[in-house]
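Work through the exercises below with the sequence and the 3D view open. Try each task before you read its solution.

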Amino acid sequence: MRRSTFTDQPVTYGAVGGTQAADLLYYPPKGYKPLERSVRLGSGDERFETAATALMAWGVQKGSGIQVTDVHEGTGVQYEGVEFGPDGTPVRMRENRTEEDVFSDDGTPFVRNGMTAVLKIPFGPFRVSAPVRVVYVVDEPHRRGFAYGTLHGHPESGEEMFLVEQRDDGTVWFVLRALSRPSNAFYRAVSPVLAMVQRRYTAKYLRALHPVRSA
């Protein structure tokens with residue numbers, strides 16, 4: 001019998017894709033804490049492309065001091081979910097889309113659907129392992145990003161979305177959206193510490209793509 005690895009496991013929460021919802025802060029899944037933050041990165045097409053390229057090569061995580069390890073390519077197939085009619089009733093399943101492999105200038109493969117990785121998060125003299133799976137990718141003319149969900153062994157249960165968007169006025173923004181809760185009894189017992197670490201890394205994430213920081 002083949003030994004199971006984290007790449008075989010399902011995510012540890014039910015609301016897959018929940019961070020796509022703009023009303024997440026008002027209607028989070030029961031038991032989950034929502035979070036949404038944004039920061040302006042500048043303006044113009046060049047700023048958008050630079051920030052989006054960095055984002056899709058794990059730039060937010062790496063720029064926050066997190067090591068991205070054990071990366072495994074995904075299938076490139078995105079679960080599109082259910083398509084609903086005007087009255088809110090489900091009509092049909094959307095068709096799955098397959099992505100092409102894309103690489104940054106230094107050869108780093110861009111984040112793609114189904115990709116798994118283990119994030120090594122600094123915590124004092126230690127590094128906490130946090131396995132994740134990419135659950136969706138956004139690839140639109142003025143919006144680019146992705147979300148990953150937690151796998152077994154992650155301190156939290158939930159999903160984080162990282163998005164770079166260029167708005168109608170030409171300004172470029174980085175948007176972070178998440179839903180989370182402690183993954184087990186141990187992490188519930190130390191939830192104040194977990195919340196402190198989350199706040200710290202939220203601040204780091206918001207600085208990671210800023211042009212002043214990268215200059």
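**Before you start**

Helix H4 (residues 191–208) lies across E1, strand E7 (116–123), E9, E10 and E11, and runs at about 165 degrees to E11. Helices (H or I, at least four residues) and strands (E, at least two) are DSSP runs, numbered from the N terminus. Axes are lines fitted to C-alpha atoms, for helices over the stretch in contact, and angles run from 0 to 180 degrees between N-to-C directions.

This is a predicted model, in which local features need pLDDT of at least 70, side-chain atom pairs count only at pLDDT 80 or more, and totals for chains, interfaces and linings use all residues. Residues are numbered from 1 along each chain as its sequence is written, and side-chain values use heavy atoms, with hydrogens and water left out.

**Exercise 1: the sheet**

Task: find the order of the strands in the open sheet, and say which strands stand at the edges.

Solution.
- Step 1. Recall the principle. Strands of a sheet pair through backbone hydrogen bonds, either parallel or antiparallel.
- Step 2. Apply the pairing rule: two strands pair if DSSP finds at least two bridges between them.
- Step 3. Read off the order. The open sheet has 7 strands, arranged E1-E11-E10-E9-E8-E7-E2, with antiparallel pairing.
- Step 4. Look at the edges. Strand E1 (33–43) and strand E2 (67–72) each have a single partner strand, so one side of each is left without a neighbour in the sheet.
- Step 5. Check the twist. On average, neighbouring strands of this sheet are turned by 20 degrees against each other, direction ignored.
- Step 6. Zoom in on one pair. Strand E10 (residues 156–166) and strand E11 (residues 171–182) pair in the antiparallel sense over 11 bridges. Glu 160 stands opposite Ala 178 in E11.
- Step 7. Add a helix. Helix H1 (residues 45–56) packs on the sheet and touches E1, strand E8 (126–140), strand E9 (143–150), E10 and E11. Contact means heavy atoms within 4.5 Å. The direction of H1 makes about 20 degrees with that of E9.

**Exercise 2: the charged network**

Task: which residues do salt bridges with shared partners join into one network?

Solution.
- Step 1. Set the rule. A salt bridge is a side-chain nitrogen of Lys or Arg within 4 Å of a carboxyl oxygen of Asp or Glu. By this rule the count comes to 5 salt bridges.
- Step 2. Start at Glu 140. Glu 140 forms a salt bridge with Arg 143, with the closest N and O atoms 3.2 Å apart.
- Step 3. Move on from Arg 143. Arg 143 also meets Glu 165, at 3.8 Å from N to O. This pair links distant parts of the chain: Glu 165 is in strand E10, Arg 143 in strand E9, 22 residues apart.
- Step 4. Take the next link. Glu 165 and Arg 167 form a salt bridge at 2.9 Å, N to O.
- Step 5. Join the links. Glu 140, Arg 143, Glu 165 and Arg 167 make one network.
- Step 6. Sort by exposure. Buried means under 20% relative accessible area, exposed over 50%, partly exposed in between (1.4 Å probe, protein chains only). Glu 165 is buried at 15%. Glu 140 is partly exposed at 36%, as is Arg 143 at 30%. Arg 167 is partly exposed at 33%.

**Exercise 3: the core**

Task: name the residues of the largest nonpolar core that touch the most other members.

Solution.
- Step 1. Define the core. It is a set of buried Ala, Val, Leu, Ile, Met, Phe, Trp, Tyr and Cys residues joined through side-chain atoms within 4.5 Å.
- Step 2. Name them. Trp 58, Phe 146 and Phe 174 touch the most other members of this core of 36 residues.
- Step 3. List the sources. E1, H1, E7, E8, E9, E10, E11 and H4 give two or more residues each.
- Step 4. Inspect Trp 58. Trp 58 lies in the loop between H1 and helix H2 (59–63). At 2% relative accessibility, Trp 58 is buried. Phi of Trp 58 is near 65 degrees, a positive value in a residue other than glycine.

**Exercise 4: a distant contact**

Task: where does His 210 lie, and which residues does His 210 touch?

Solution.
- Step 1. Locate His 210 in the loop between H4 and helix H5 (211–214).
- Step 2. List the contacts. Leaving out residues up to four places away in sequence, His 210 touches Val 39, Arg 40 and Leu 41.
- Step 3. Check the separation. The C-alpha atoms of His 210 and Leu 41 are 5.4 Å apart, with their places 169 residues apart along the chain.
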